[in-house]
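Here are a few exercises to work through with the model open beside you. Try each task before you read the solution under it.

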Amino acid sequence: MKKLTMIVTMCAMVLAMHLGLGTAHAETVVKVGNILPLSGPSASVGQQGKQAREMAIEEINEAGGIKSLGGAKIELLYADSKSDPNVGVTEAERFINTEKVNVITGAWNSGVTYPSTAVAERYGVPYIVPVSVRDTITERGFKYVFRIAAKDSWWTRDQFAFLDDMQKEFGDELKTVAFVYENGDWGTGFAAQWVELAKEHGYEVVLNEPYPSSATDLTPVVNKIRRARPDVLMLVSNAADAILLTNTLADYKVSPKVIIGSGGGHADPTFLSATGDNAKYVFDIVEWEADVNKPGAKEVNAKYKERYGTNMTGEAVDAYVAMYVMADALERAGSLEPTAIRDALAATEYSGEGLITTYDSVKFDETGQNENAALAVVQINDIGNGLERITVWPKNARREGYTPVFPMPQK
Amino acid sequence: MDFVFLLQDVINGVLMGSIYGLVALGLTLVFGVLKVINFAHGSFIMVGMFVAYWAVALTGLHPYVALLLVVPAMFFFGYASQHWLIRPIFKAERDVREPTTVIIVTTGMWYVLDNLALLLFGPDYRALTPNPLKGQMLELGQIFISVPKLYGAVATFATCAGLYWFMQKTRTGRAIRAVSLDRDAASLMGINQWKIFNIAFGIGTAIAGIAGVVLTPFYNVYPSVGVPFDVKSFVIVVLGGLGSIPGALVGGIIVGLIESLGPMYMTATWTEAIVYGLFLMVLFFKPSGLFGQKHDW
């Protein structure tokens, strides 16, 4: 008798569980596969992307999920690419064939994004790329790949746009420009684009000087800059040489009207402490800075900092924004058909909640590149709280109450 | 105007070059006496820089006063390294003509020291604080002379002179020279060659420490800072002649001048190629270097 009751109870429990699961199944879930470098050399940046995604999706789900899909909740799945292109490709295959995801996002490393987007394209699954800078990712005529962040060539483009805008705003005229850069892939790539842009914008290039990143003395390079007397000095440097150059420039009292870095060494956290006042008034281009003057940015950054202990980085912001852009597209698609999601993404013009970037809306061009994506320029200055990086450009993102020092005062 | 810039570059080249000479001096000394290529030399400079950095950061003393601490500390560090790490290998390979295992030991020390520094201090770039020499420049009209580099060059010549005097005039110095000429004959004359090795390695390391002190006022301290100086030291030592003290100084100044004057006529990347090209040429045409002794090879 006892046995029978037990069997009956168990059957009832199993049935109840099934029913319970059944009702859960009735509610649609949007599955999003995320390929990120969660271990290996780029793990820290992969973790930033994961954290930002989780925070955004929690907010979206709490606000009622995707309403046009009956309040569907978004579920995030993760795959660790280890920065390895082969792993990225197999994980994309697994997401599509086994997990049946509706959207893929990733993969931070351009090298992983490039082949894994090709997989998604082949199967016709929408793939959102928050950050990966290589130009060619969106230049292969793909229909299902959409990139939020600026591409490589736009960094140099925006450096020149910044110079144009500053001259307009402050009325100083810049005529000559010097390019000084580390002689690796990164520096020489930038320099090739600078030369083109300088021609377009009507500058005279007075110095085009690569230097070895391992140089122990950059005085000769600084003397060359001093001799060339440029109005604008544009730099691509790693940390050790960025510090050495900045200090030596100050020692020799070389003061062009504008010095502008390209992230990297100039954005290194130890740059400010190792150069001190010598770094004052230097400009640097970045994806995002915590003080950017955009509605909601301060709050989102504060929430992120409280949860994860650090300020948001450009990578985190792009991942965060990507989730909102995706939710918006799903809302307008009203269906989980890949083509419907794809068409909705292509028609995106998002400027709603969560858009804390320096620019005002996300809109994809026919290649899938966010045509509004832009970078920000910061100026290093001390306005009473020690040296800090202050967003100055674009003007609508400038920190409230700050007037950029332009041109740099003569030393 | 051009003459001013030429003079400026020559001055900077000589100053920086003599500091390079100081950086290479310890390496050449250790090679001259022990016939050991010390791959950890750059790391010793790094250790010297960190000792100098912390000595100044904790006590607020003038960077050059830190020499009083750095020199003995580095001497004992080198002395102990040779005694505990290199001597056993020497003894084990007594009958081997070319004891290559020693090279592997010094390479191991390089990795251990660099990674230990990374573990202890992190990858940060540290600038000396307080640094009374920071940004000090002598301005002679259009010509700028960096004061910390000037002091560095003075320290280099003082160290070279001191070392030369020590090697020529003192009993220990003569014993070191005897061991470097023929260690077996020296042993037969009653010189304890192991003790001489320890002392020579200690002096070489102490000089790396002096180089560290000289560099910190105008160069940042970080765990892998030794690597570029290590490479440069090899070039200089081969150029000047392995084991030669004046060779290190002259080799350093030659490299400094190439680096400083080269960019007037080409890009800085090319001057590096010239330095390495010269290195290969010397190896090819005069392997003993400018001041090297023929019988070393």
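A salt bridge here is a side-chain nitrogen of Lys or Arg within 4 Å of a carboxyl oxygen of Asp or Glu. Keep in mind that this is a predicted model.

**Exercise 1. Find how many salt bridges are counted between chain A and chain B, and look at one that involves B:Asp9.**

Step 1. The count between the two chains is 3 salt bridges.

Step 2. Now go to B:Asp9: its partner is A:Arg227, and the closest N and O atoms are 3.2 Å apart.

Step 3. Check that against the rule: the cut-off is 4 Å, so the pair of B:Asp9 and A:Arg227, at 3.2 Å, qualifies.

**Exercise 2. Describe the interface of chain A and chain B: its contacts, its buried area and the elements of chain A that take part.**

Step 1. Start with the residues: 30 of chain A are in contact with 32 of chain B.

Step 2. Next comes area. About 2600 Å² is buried between the chains, and carbon and sulfur atoms give 53% of that.

Step 3. Who pays the most on the chain A side? A:Thr216, A:Arg226 and A:Arg227 supply 24% of the area that chain A buries against chain B, more than any other three residues.

Step 4. Then look for polar contacts: 15 residue pairs across the interface make them, both residues being at pLDDT 80 or more.

Step 5. Four elements of chain A give two or more residues to the side that touches chain B: β7 (204-211), α7 (219-228), α8 (239-251) and α9 (271-275). The largest share, 7 residues, comes from α7(A).

Step 6. Sort that side of chain A by class, and you get 12 nonpolar, 11 polar and 7 charged residues.

**Exercise 3. Work out how α2 and α11 of chain A cross, then do the α2 and α3 pair of chain B.**

Step 1. In chain A, take helix α2 (residues 43-62) and helix α11 (residues 314-333): their axes come within 8 Å and cross at roughly 35°. The crossing is right-handed.

Step 2. Pick out the residues in contact. Those of α2(A) include A:Val45, A:Ala52 and A:Ile60, while those of α11(A) include A:Ala319, A:Met323 and A:Ala327. By class, the contact has 13 nonpolar, 2 polar and 3 charged residues.

Step 3. Over in chain B, the axes of helix α2 (residues 41-59) and helix α3 (residues 67-92) come within 10 Å and cross at roughly 140°. This crossing is right-handed too.

Step 4. Among the residues in contact are B:Phe44 and B:Val51 of α2(B), and B:Leu69 and B:Phe77 of α3(B). The tally is 9 nonpolar, 1 polar and no charged residues.

**Exercise 4. Which residue does A:Glu99 meet in a salt bridge, and where do the two partners sit?**

Step 1. The partner is A:Lys31, at 3.7 Å, N to O.

Step 2. A:Glu99 is in the loop between α3 (85-97) and β3 (103-106) of chain A, and A:Lys31 is in strand β1 (residues 29-36). The two are 68 residues apart, and the pair links distant parts of the chain.

Step 3. For the wider count, the structure holds 25 salt bridges over all chains.

**Exercise 5. Look up the backbone at A:Ala107, A:Trp108 and A:Pro407.**

Step 1. The peptide bond from A:Gly106 to A:Ala107 is cis, with omega near -5°. A:Ala107 is in the loop between β3 and α4 (110-123) of chain A.

Step 2. A:Trp108 lies in the loop between β3 and α4 as well. Its phi is near 60°, a positive value in a residue other than glycine.

Step 3. The peptide bond from A:Phe406 to A:Pro407 is also cis, with omega near -5°. A:Pro407 lies in the segment after β14 (387-393) of chain A.

Notes: Residues numbered from 1 in each chain as written. Chains lettered and ligands numbered in written order. Predicted model: local features only at pLDDT ≥ 70, side-chain atom pairs only at ≥ 80, totals over all residues. Heavy atoms only, no water. Contact = heavy atoms within 4.5 Å. Buried area = accessible area lost by both parts, 1.4 Å probe. Polar contact = N/O pair within 3.5 Å; in protein donor to acceptor, adjacent residues only side chain to side chain. Nonpolar A, V, L, I, M, F, W, Y, C, P; charged D, E, K, R; others polar. Axes fitted to C-alpha atoms, helices over the stretch in contact; angles between N-to-C directions. Left-handed = near helix turned anticlockwise from the far one by under 90°.
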